[in-house]
Amino acid sequence: MEIGATKAVQDRLKTTKIEESKGASLVFCWDTHLTKIKGRNVLFIVNASNRYTIAMTDIEQGNWKYYTMYISRVIHVVMQEMGYSEDQIRKYFKMSGDTTVTKTHGRKSVGGINRMVMDAQYFGKKLEKEAKYQWELSEYLNRDICQPEGFDTYGYPSELFKLDIRLLSSG
């Protein structure tokens with residue numbers, strides 16, 4: 001799995017040497033961006049193929065030290081919440097290979113992140129105080145119709161993510 005890091009994330013990770021993407025299948029690539037929304041630091045975790053977005057807040061210091069493990073864990077938990085079985089999730093992570101931090105996955109993917117950041121500014125509710133996973137914000141962002149990198153048709157990121165996983169399972 002490749003975890004693309006924008007400049008803001010690279011600065012937070014205090015790293016300057018990041019690998020180029022090795023060309024993994026986009027369904028196994030997640031780009032990450034850190035920004036302020038409603039006065040809180042929000043980490044966007046966005047799938048490069050389908051633009052499925054996970055919004056996280058209040059990331060603890062230790063999680064930045066173990067960034068790849070943290071991102072993998074978040075994706076695992078969100079897939080559980082989406083109703084995927086442990087077997088399906090395990091298969092996804094096995095197919096995705098070793099987890100590495102890379103540069104982001106192209107202009108279209110970064111454009112998708114920028115769109116999510118812009119949309120988040122219009123989110124009408126407060127971010128949940130005690131929650132790290134901002135479920136309502138994520139749901140709001142995943143209802144934005146788009147044509148992401150991995151698809152030649154328009155759709156909702158949540159539906160396109162499910163389609164990607166279904167294609168992996170049948171392949």
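Here are some questions and answers about a predicted model.

Student: Is Asn 50 buried or exposed?
Tutor: Let's place it first: Asn 50 lies in the loop between strand S3 (40–47) and strand S4 (53–57). Buried means under 20% relative accessible area. Asn 50 has a relative accessible area of 0%, so Asn 50 is buried.

Student: Which residue offers its backbone nitrogen to the side chain of Asn 50?
Tutor: Two partners are worth looking at here. The side chain of Asn 50 makes a polar contact with the side chain of Asn 47, at 3.2 Å. The backbone nitrogen that the Asn 50 side chain reaches, at 2.9 Å, belongs to Tyr 52.

Student: Which residues is Asn 50 in contact with, leaving aside its neighbours within four places in sequence?
Tutor: Nice follow-up! With those neighbours set aside, the contacts of Asn 50 are Val 27, Pro 148, Phe 151, Pro 157, Leu 160, Phe 161 and Asp 164.
The name list sits alongside the burial of Asn 50, whose relative accessible area is 0%. To end on the names again, they are Val 27, Pro 148, Phe 151, Pro 157, Leu 160, Phe 161 and Asp 164.

Student: How many residues of S2 are buried?
Tutor: Start with one example, Thr 35, which is in strand S2 (residues 29–37). The cut-off for buried is under 20%, and Thr 35 counts as buried at 19% relative accessibility. S2 is largely enclosed by the rest of the structure, because the buried residues in this nine-residue strand number eight.

Student: How many bridges join S2 to S3?
Tutor: S2 and S3 form a hairpin with two residues between them, and Lys 38 in the turn has a positive phi of about 50°. Within the pairing, Asp 31 stands opposite Val 46 in S3. The two strands run antiparallel, and the number of bridges joining them is eight.

Student: In which sense do S1 and S2 pair?
Tutor: Look for Ile 3, whose bridge partner in S2 is Trp 30. Strand S1 (residues 2–5) pairs with S2 over four bridges, and the sense is parallel.

Student: What arc do the buried residues of H5 cover around the axis?
Tutor: Helix H5 (residues 107–121) has 15 residues. Its buried residues are Ser 109, Gly 112, Ile 113, Met 116, Val 117, Asp 119 and Ala 120. They lie on the same side of H5, because the arc they cover around the axis is only 165°.

Student: What covers the buried residues of H5?
Tutor: One contact gives a hint: Thr 35 touches Val 117, and Val 117 is among the buried residues of H5. The cover includes two helices and three strands: H6 (135–141), H7 (157–170), S2, S3 and S4.

Conventions
Residues numbered from 1 in each chain as written. Predicted model: local features only at pLDDT ≥ 70, side-chain atom pairs only at ≥ 80, totals over all residues. Heavy atoms only, no water. Buried < 20%, exposed > 50% of the residue type's maximum accessible area, 1.4 Å probe, protein only. Polar contact = N/O pair within 3.5 Å; in protein donor to acceptor, adjacent residues only side chain to side chain. Contact = heavy atoms within 4.5 Å. Expected span 1.5 Å × (residues − 1). Arc of directions from axis to C-beta. Pairing = 2+ DSSP bridges.
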